[in-house]
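Me: Got a minute to walk through this one with me? I'd like to know what to look at.

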There are 2 protein chains.
Amino acid sequence: MTEGDATTELRVHGYKLTGQRLAVVRVLREADEHLTASQVFERGRRIHPGLGLTTVYRTLDLLSGLGFVRRVHLDEGCQAYAPVREREGHHLVCQGCHRVVDFPCTGLTGLIEETRRRTGFAVESHFLELVGLCPACQ
Amino acid sequence: MTEGDATTELRVHGYKLTGQRLAVVRVLREADEHLTASQVFERGRRIHPGLGLTTVYRTLDLLSGLGFVRRVHLDEGCQAYAPVREREGHHLVCQGCHRVVDFPCTGLTGLIEETRRRTGFAVESHFLELVGLCPACQ
DNA sequence: GCCTAAATGAAAACCCGTTTCAATTACCAT
DNA sequence: ATGGTAATTGAAACGGGTTTTCATTTAGGC
């Protein structure tokens, strides 16, 4: 996610470019670990003082709908967010430092097609997340 | 998940076989859709009157740790649970009726190995969920 | 049938996230 | 530039789901 991408995309969809939104975008772009809403809130405040937590939640929803942010689902809970660096990709999360890296989604079409054939389901979306330890944490 | 499997496994791990736990196990075994904790609570009460919601949460955690239950992660939220019918498998969820079907985890080793090579991460676990429409809901 | 540690339920506490609403502000048209 | 307008915002109240606390009960080994 580049800052330019996000601002363009916001504009294209008719959303206003407010300082608050740009602050949230910047926080996410500069983070390489997953963040909770209140972490985004804290960091965003340094960029845009007066930013409200409510706005953080609203903006995370917005960016999530536009595909710039993805929720991270962990055993401990599902209230973390990470920037999407690779569209059509997925997240690989480090258990140690919470770093999040994107990897491309390849080699799943066979599995999905096979599942469609065996179950009759029309598969519309999928969610894949890998969890492990990054080189530094091993 | 068969009832026998679950009781055996509970015993093996030194957990007591209480009526409350067996009720939760039975509710999950007989459900073919994902259930929230309070749905498990309601149904479990019919089997074991006096069952408490707190116990339902604790038992879901327990069974989840033993691999008999898996959380279902949806856009609407992550507070649903479904029985694991196929170990080493994953969940396929119907958007219409919430039915959950298991499918085997095959064809992911290549993707994981490739990711390991490219990122250096030691991948320890993965979570895959497919979402779509079942034959009846299409 | 005891004994003891584990398990339970009710109530309170907690926490995350949403709604409400009046005030502000970005952006378009002039 | 300026003004008008609908979108956006923040504070506070609210809501619901989940966890903690703690006294009581109970399963399972002796």
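**Chains A and B, and the DNA**

Reply: Start with strand 6 (residues 122–133) of chain A, which is joined to strand 6 of chain B by eleven bridges, the two running antiparallel. Bear in mind that this is a predicted model.

Me: Which residue is the bridge partner of G132(A) in strand 6 of chain B?

Reply: That's V123(B).

Me: And how many residues does the contact take from each chain?

Reply: Chain A puts in 30 residues and chain B puts in 30 residues. On the chain B side, strand 4 (89–94), strand 5 (100–104), helix 5 (109–119) and strand 6 (122–133) each supply at least two residues. Strand 6 of chain B gives the most, with twelve residues.

Me: What's the mix by class on the side of chain B that touches chain A?

Reply: You have 17 nonpolar residues there, plus eleven polar and two charged.

Me: Okay, switching to the DNA. Which residues come nearest to strand C?

Reply: There are 19 residues around DNA strand C, and the nearest are L17(A), Q79(A), T18(B), G52(B) and T55(B).

Me: Which helices supply at least two residues each of that surface?

Reply: In chain A, helix 4 (53–66) does, and in chain B, helix 2 (19–30) and helix 4 (53–66) do. Helix 4 of chain B has the largest share, three residues.

Me: How do the residues near DNA strand C divide into nonpolar, polar and charged?

Reply: Ten are polar, five nonpolar and four charged.

Methods: Residues numbered from 1 in each chain as written. Chains lettered and ligands numbered in written order. Predicted model: local features only at pLDDT ≥ 70, side-chain atom pairs only at ≥ 80, totals over all residues. Near = placed C-beta within 6 Å. Helix = DSSP H or I, 4+ residues; strand = E, 2+ residues; numbered from the N terminus. Nonpolar A, V, L, I, M, F, W, Y, C, P; charged D, E, K, R; others polar. Contact = placed C-beta atoms within 7 Å. Pairing = 2+ DSSP bridges.
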